[in-house]
Amino acid sequence: MRPIIGLIPLYDDEKESYWMLPGYMKAIEKAGGLPIMLPLTEDEEELSEAYSMCTGILFTGGHDVSPEIYGEKIKSTCGKPCKSRDFMESFILERCLRDDKPLLGICRGLQFINAYLGGSLYQDLPTEYNCRVEHHMSPPYNRPAHKVQVLEGTRLAKIIGSGIHEVNSYHHQAIKTLSPQVEKMAESEDGLVEAIAVKNHRFAIGVQWHPEFSYENNEESMNLIKAFIKECI
């Protein structure tokens, strides 16, 4: 049986619809998992049932994380949060941590994990941080945008190797203050946190880049997805 991986749904405010980028699902399929998009709901019973079906959870990209989660007021440069998604991810993340269930966070996923565990975020990099590399690239998204340094001795180093790696990049928010419950595993050329792992968890990793766009032509992106799926078996 393939491990069932629950994906946090994306939400279109204008169309009031759920949707999913195919790369998230196809990467999981290629790595040997069975992806399912979870319902976007604040119904705890429904969320519990959906969660119990999954052997792993993928926290996808998407909406800006609500600043309320890390104790700040929303700025005009912050995107419109999705209340239901913030609730849903809080509910599911708490259970992943409690049950030691494998999880992978991508872009917003990394940001949400850090914020929920007591860290904070830059609400808007262009106005709050001296960016010296491209963090909001234009298409195609399967090419490198900048380099990151993967730190020796980290879980990520064991998966893709320590040292310099090239990654794609598409985000306007990022980790500002690191949660005391996570460790930094990689940073960008201009000093932003690019990868984290939750301490004392079997596999709870977040990356700021987008392996769902680059898994077909980047071996390191595919190896990250494979490592996640392997832990879910």
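**Close-up views of the predicted model**

**View A. Strands β8 and β9 run antiparallel.** Five bridges join β8 (residues 146-150) to β9. One pair is K147 with its bridge partner E166 in β9. Strands (E, at least two residues) and helices (H or I, at least four) are DSSP runs, numbered from the N terminus. Strands pair if DSSP finds at least two bridges between them. This is a predicted model: local features need pLDDT of at least 70, side-chain atom pairs count only at pLDDT 80 or more, and totals for chains, interfaces and linings use all residues. Residues are numbered from 1 along each chain as its sequence is written, and side-chain values use heavy atoms, with hydrogens and water left out.

**View B. Nine strands build an open, mixed sheet.** The order is β4-β1-β5-β6-β13-β12-β11-β8-β9. Its edges are β4 (34-37) and β9 (163-167), each paired on one side only. From one strand to the next, the twist averages 25 degrees. In total, the protein has eight helices and 13 strands.

**View C. Helix α1 packs on the sheet.** Helix α1 spans residues 22-30. It touches β1 (4-7), β4, β5 (56-59) and β6 (103-106). Contact means heavy atoms within 4.5 Å. The direction of α1 makes about 155 degrees with that of β4. Angles run from 0 to 180 degrees between N-to-C directions of lines fitted to C-alpha atoms, for helices over the stretch in contact. Helix α3 (residues 83-99) lies across β5, β6 and β12 (193-198). Helix α3 runs at about 140 degrees to β5.

**View D. The largest nonpolar core holds 35 residues.** I5, L58, L104, L156 and I205 touch the most other members. Helix α8 (residues 219-232) gives the largest share, seven residues. Beyond its neighbours within four places in sequence, L104 contacts I57, L58 and F59. The list for L104 also includes I205, L224, I225 and F228. A second, separate core has 30 residues, among them L38, C82, F112 and L117. Such cores are buried Ala, Val, Leu, Ile, Met, Phe, Trp, Tyr and Cys residues joined through side-chain atoms within 4.5 Å.

**View E. H135 is buried in a loop.** The loop runs between α5 (125-128) and β8. H135 has 4% relative accessibility, so it counts as buried. Buried means under 20% relative accessible area, exposed over 50%, partly exposed in between (1.4 Å probe, protein chains only). Neighbours within four places in sequence aside, H135 is in contact with L125, H146, S169, Y170 and H171. Its contacts also include S188, D190, L192 and E194. P140 lies in the loop between α5 and β8 too. The peptide bond from P139 to P140 is cis, with omega near -5 degrees.

**View F. E16 has a positive phi although it is not a glycine.** The value is about 50 degrees. E16 sits in the loop between β2 (10-12) and β3 (17-19). Its relative accessibility is 64%, so E16 counts as exposed.

**View G. N200, also not a glycine, has a positive phi.** Here phi is about 60 degrees. N200 belongs to the loop between β12 and β13 (204-207). N200 is exposed, with a relative accessible area of 83%.

**View H. The protein as a whole frames the close-ups.** Its C-alpha atoms fill a box of roughly 45 × 40 × 35 Å, taken along the principal axes. Buried residues make up 52% of the 233 residues. Of the contacts between residues at least 6 apart in sequence, 68% join residues at least 24 apart.
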